[in-house]
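Look at the sequence and the 3D structure below. This report walks through the sheets.

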Amino acid sequence: AGLKPLVYTSPHFIDYKERLKFDGHWLTDAEHVAAFEAVENARESEQLTYFEFATLSALKMAELLPIDVLILETGLGGRLDAVNVIKADIAIITTVDYDHQDWLGDDLVSIAREKAGIAHKGKQVIIADPEFPLAIIHEIELRTDQVFIADRDFLHLNVDNGWSWENSQLGPWSFEYLTFPFANASAALQAWFLLRADQELTESYAEQAFSEIALSGRFETVAQSPDVILDVAHNPQAFRAMSELLNNQSFNGKTHIVLGLLEDKNAKACLTPLLALVDQWYLSDLEGTRGRSAINLKQLLNDSDIDENQLQCYSSSLEAYKAACLSASEEDRILVTGSFYTVSPVLKLVRKK
């Protein structure tokens, strides 16, 4: 649309520079170093976490660059996230599900309240989850009357080989199949409508925008014959969405999965959507204090009545991936998933090749 956005996301797969893009491109090493130096000089004796330092350096670049739109991804929860020092003009809450319970709470209402912390007084809020707890919506509405909720103020529907979208002023529009949740795309369209209410947004314009989206590591096909799909799904909601995408594929071969999960994830709830889809499991240890062992995953799958012959354990996701490549035929597909820590080494290998 001729606008220049600065986009801040985390974590990165291979290169720190992935976290910040200006007008579709990475910034240079020198630009990052200059921002780091500015934060280092300003902080004096203040202690900063890795993520706080990264976030402040991103905001410093937002100050220096000629940006039109600043897009910030909040990380853990929302309310206490470092990114939330910015009172966003438009806050988008995609979904609410069980994750990071140690920090966010053990019930969906508590988790939703933490996520709703990114909604600020008098600002616009988009909620993409039609099942978002009503009690928290009421709390948000005490802060602002500009709340737009899926299935009330805008709507998306699954249709044959695609989906449709409309709100009170536009649509219904039809779009082709996407490799990420339609609900997220629907919220993005609503955000664009609010951002550019003074300009006409057309169906063909939106269709072109969706066709050009490439999300690294988000149900990304990086090789063919066999298909190799990388997806950083790491909570039950993401696994359900990924399973739906797998089901929607026209496919006749076998499905091989390279899987590694962190210890603080609800492994059983993550695995359940995949049980009927996977023919062979390649289970990987994940390093670090939060890493879950392949043996633990194997035990969980044994408890789900998966045949022992379908389960193999490996010390790393790279070893598991190489084994899957040796076993898979050209008609098969290999899915690498469970964590950024699972996907990153495989993505690095694929890019080298």
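Which residue is the bridge partner of Ile 93 in S6? The partner is Ile 127. This comes from a predicted model.

**The parallel sheet**

Ile 127 has its place in strand S6, residues 124-127. S5 and S6 are joined by four bridges, and they pair in the parallel sense. They belong to an open sheet of three strands, in the order S5-S6-S7, with parallel pairing. Strand S5 (90-93) and strand S7 (147-149) each have a single partner strand, so one side of each is left without a neighbour in the sheet. On average, neighbouring strands here are turned by 15° against each other, direction ignored.

**The mixed sheet**

Another open sheet has six strands, and its pairing is mixed. The order is S11-S12-S16-S13-S14-S15. At its edges are strand S11 (220-223) and strand S15 (311-314), each pairing on one side only. Neighbouring strands of this sheet are turned by 20° against each other on average, direction ignored.

S11 and strand S12 (residues 227-231) run antiparallel, with three bridges between them. Within this pair, Thr 221 stands opposite Ile 229 in S12.

A helix also meets this sheet. Helix H11 (residues 317-327) lies across S12, strand S13 (255-259), strand S14 (280-284), S15 and strand S16 (333-337). H11 runs at about 160° to S14.

**Two strand pairs**

| Pair | Bridges | Direction |
|---|---|---|
| S5 and S6 | four bridges | parallel |
| S11 and S12 | three bridges | antiparallel |

Strands of a sheet pair through backbone hydrogen bonds, in either a parallel or an antiparallel way.

Definitions and conventions: Residues numbered from 1 in each chain as written. Predicted model: local features only at pLDDT ≥ 70, side-chain atom pairs only at ≥ 80, totals over all residues. Heavy atoms only, no water. Pairing = 2+ DSSP bridges. Helix = DSSP H or I, 4+ residues; strand = E, 2+ residues; numbered from the N terminus. Axes fitted to C-alpha atoms, helices over the stretch in contact; angles between N-to-C directions. Contact = heavy atoms within 4.5 Å.
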